[in-house]
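Visitor: I'd like to walk through this one and ask how each label is earned. Could you bring it up for me?

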Amino acid sequence: MRRDGFREECGVFAIYGHPEAANLTYLGLYALQHRGQESAGIASSDGREIHCFKAMGHVAEVITPQVLAGLPGQAAIGHTRYSTAGDTALHNAQPFSVACNKGRIAVAHNGNITNAMELRRELERDGSIFQASSDTEVILHLVARSRERTLAAALREALLQLEGAFSLVFLAQDCVIVARDPHGFRPLAMGQMELSGGGKCYVFASETCAFDLIGAVYLNDVEPGEMVIVSPAGLRRERYAPAAAPSYCVFEHVYFSRPDSVVFGRSVEESREMLGRLLAREHPAVADVVVPVPDSGVAAAIGYAAESGIPFRHGLIRNHYVGRTFIEPSQAIRDFGVKLKLNPVRHLLEGKSVVLVDDSIVRGTTSRKIVRMVRSAGAREVHLRISCPPTISPCYYGVDTPTKAELIAANSTVEEIRRFVEADTLGYLSLSALRQAVGDERLEYCYACYTGDYPTDIVSVEDLMAAKPRR
Ligand code: AMP
């Protein structure tokens with residue numbers, strides 16, 4: 001199957017049966033902001049109408065009290081989105097909301113539907129009109145076109161036509177339906193919260209950190225191939241697709257999720273610290289300090305320091321308030337982008353041999369700037385340690401990775417990368433240690449970005465191009 005659609009990283013949230021559904025969705029999205037900073041949106045249902053608001057920007061910027069006042073009802077879904085494939089317009093922001101023969105429905109999606117382009121071409125041939133370029137809209141068309149009479153049945157039929165990664169939240173006039181793809185690439189957790197007047201309601205989120213903020217309790221995960229329907233009749237869980245081999249995204253544990261979340265039933269912090277410990281065993285260094293690249297390298301650096309006995313120091317400080325818009329000085333300043341975000345602490349680095357810990361190297365350009373920054377603050381040696389194996393293949397399941405041509409590890413040896421990033425030594429964690437760190441005894445994770453071994457049938461656009469005979 002060809003890779004279609006485009007790369008998106010997202011967070012989703014859903015709640016049913018709470019008088020403050022939209023407010024809680026806002027808070028849930030606030031906790032999921034790290035999963036996507038480009039657009040945010042909420043759809044709510046008051047039992048008759050679906051109200052939807054979405055805009056470009058961060059949750060707290062765009063979802064104002066006035067916006068929330070216009071989102072009444074006891075059920076809501078929400079979405080934060082980040083996409084890199086050029087098309088960053090508002091028409092791709094989610095949730096998508098439509099009125100069709102199944103009533104009014106809204107949908108939000110985390111993942112990447114790998115056959116979206118084929119499905120879209122077929123739908124367009126049959127007369128469907130699309131407003132956005134995002135693959136999520138395809139799902140709504142499949143639902144609308146289904147001959148099934150109920151939304152749940154139409155959805156089941158639609159989901160069975162999809163390939164790739166999807167954790168979906170749907171809102172209808174009188175229910176919330178959530179579903180996860182049969183491989184379970186992206187997370188989707190289920191929780192419960194007490195209502196102040198007695199009783200309980202259900203919540204769903206990409207990560208459990210969203211539950212912590214609103215005072216909900218994590219129950220378990222929506223299973224791969226499972227659909228959960230919450231309606232006036234209560235909660236119903238059903239399997240819409242036969243079980244497939246689980247392929248949980250390991251990068252959620254390496255980088256993407258927040259360390260205070262439980263993802264795929266496992267503490268992300270626990271995984272990250274273990275990544276650092278195993279990294280210290282596989283790639284020890286003689287050094288004075290262990291310094292993380294904040295925030296992504298912090299937990300692994302703590303593990304590295306604990307295992308090696310080398311003191312942990314915050315030798316790089318991150319400015320957490322870097323906005324989306326800033327004024328670039330007209331006079332070129334070298335490495336301006338990285339300087340906006342990070343600043344070295346000279347007092348901690350001067351004259352020191354430093355173990356610099358980060359979660360991954362993608363293109364290598366940021367890593368090189370950071371190594372230079374540490375050295376310019378007086379570090380004597382920089383030993384770069386990466387808490388995962390070399391990233392050699394793009395992700396087609398919802399993590400933003402560039403093409404193979406741009407992935408430095410796809411085209412260079414570790415020694416070449418070390419020279420490029422200008423580190424004294426460079427060590428990547430092995431695949432077997434990564435498996436061990438996330439507790440993957442049953443081989444349930446997807447490691448495609450490190451192995452090129454995709455759990456579904458994928459032929460990339462690049463592969464197709466490469467296969468074309470040259471004239
Ligand atoms: P570079 O040296 O340019 O390859 O950038 C490496 C940095 O990118 C590391 O600090 C990673 O934490 C970060 N990174 C890795 N994957 C992603 C991603 N999917 N989205 C945003 N940042 C990422």
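Guide: Happy to, and bear in mind that this is a predicted model. A good place to start is the largest nonpolar core: among its 67 residues, Leu356, Val374, Leu384 and Tyr450 touch the most other members. Helix α9 (residues 268–282) gives the most to this core, namely five residues.

Visitor: What is the other core, and what sets it apart?

Guide: Another core, of 32 residues, lies apart from the largest one, and Leu162, Phe170, Ala179 and Met227 are among its members. Residues are put in one core when they are joined through side-chain atoms within 4.5 Å. As for the general background, nonpolar side chains in soluble globular proteins tend to be buried together.

Visitor: Why is Leu384 called buried?

Guide: The cut-off for buried is under 20% relative accessible area. Leu384 has 3%, so it counts as buried. Leu384 is found in strand β21 (residues 381–386).

Visitor: Which residues does Leu384 touch, leaving out those up to four places away in sequence?

Guide: Leu384 touches Leu356, Ile361, Val371, Val421, Ala423, Thr425, Leu426 and Gly427. Glu422 is 38 residues from Leu384 in sequence, with 9.4 Å between their C-alpha atoms.

Visitor: And which residues does Tyr450 touch, by the same counting?

Guide: Leaving out residues up to four places away in sequence, Tyr450 touches Val250, Phe251, Val254, Cys388, Pro389, Pro390, Thr391, Ile392, Leu431 and Leu434.

Visitor: What makes Asp288 and Arg380 a salt bridge?

Guide: Their side chains meet at 3.2 Å, N to O. The rule asks for a Lys or Arg side-chain nitrogen within 4 Å of an Asp or Glu carboxyl oxygen, so this pair qualifies. Asp288 sits in the loop between α9 and β17 (289–292) and Arg380 in the loop between α13 (365–376) and β21, so the bridge ties together parts that are 92 residues apart in sequence.

Visitor: Are those two partners buried or exposed, or something in between?

Guide: Partly exposed is the label between under 20% and over 50%. Asp288 has a relative accessible area of 34% and Arg380 has 48%, so both are partly exposed.

Visitor: How do you know that Glu381 and Arg380 meet in a salt bridge?

Guide: Their N to O distance is 4.0 Å, and the rule says within 4 Å, so the pair is counted. Glu381 is partly exposed, with a relative accessible area of 26%.

Visitor: What does the salt bridge of Arg375 and Asp424 tie together?

Guide: The side chains of Arg375 and Asp424 meet at 3.0 Å, N to O. Arg375 lies in helix α13, while Asp424 is in the loop between α15 (414–421) and β22 (425–428), so the pair ties together parts 49 residues apart in sequence. Arg375, at 29% relative accessibility, counts as partly exposed, and so does Asp424 at 34%.

Visitor: How many salt bridges does this rule give, and which residues are linked in a network?

Guide: The count comes to 23 salt bridges. Arg35, Arg186, Glu207 and Glu252 are linked in a network of them.

Visitor: What stands out about the backbone at Glu422 and Leu443?

Guide: Glu422 is not a glycine, yet it has a positive phi of about 65 degrees. Its place is in the loop between α15 and β22. Leu443, also not a glycine, has a positive phi of about 50 degrees, and it is found in the loop between α16 (431–437) and β23 (445–446).

Visitor: Why is Leu443 called exposed, and Glu422 partly exposed?

Guide: Exposed needs over 50%. Leu443 is at 56% relative accessibility, so it counts as exposed, whereas Glu422 is at 31% and so counts as partly exposed.

Visitor: Where are the cis peptide bonds you'd point out?

Guide: One runs from Gln94 to Pro95, with omega near 0 degrees, and Pro95 is in the loop between β4 (75–83) and β5 (96–100). Another joins Pro294 and Asp295, with omega about -10 degrees. Asp295 is found in the loop between β17 and α10 (298–308).

Methods:
Residues numbered from 1 in each chain as written. Predicted model: local features only at pLDDT ≥ 70, side-chain atom pairs only at ≥ 80, totals over all residues. Heavy atoms only, no water. Buried < 20%, exposed > 50% of the residue type's maximum accessible area, 1.4 Å probe, protein only. Helix = DSSP H or I, 4+ residues; strand = E, 2+ residues; numbered from the N terminus. Contact = heavy atoms within 4.5 Å.
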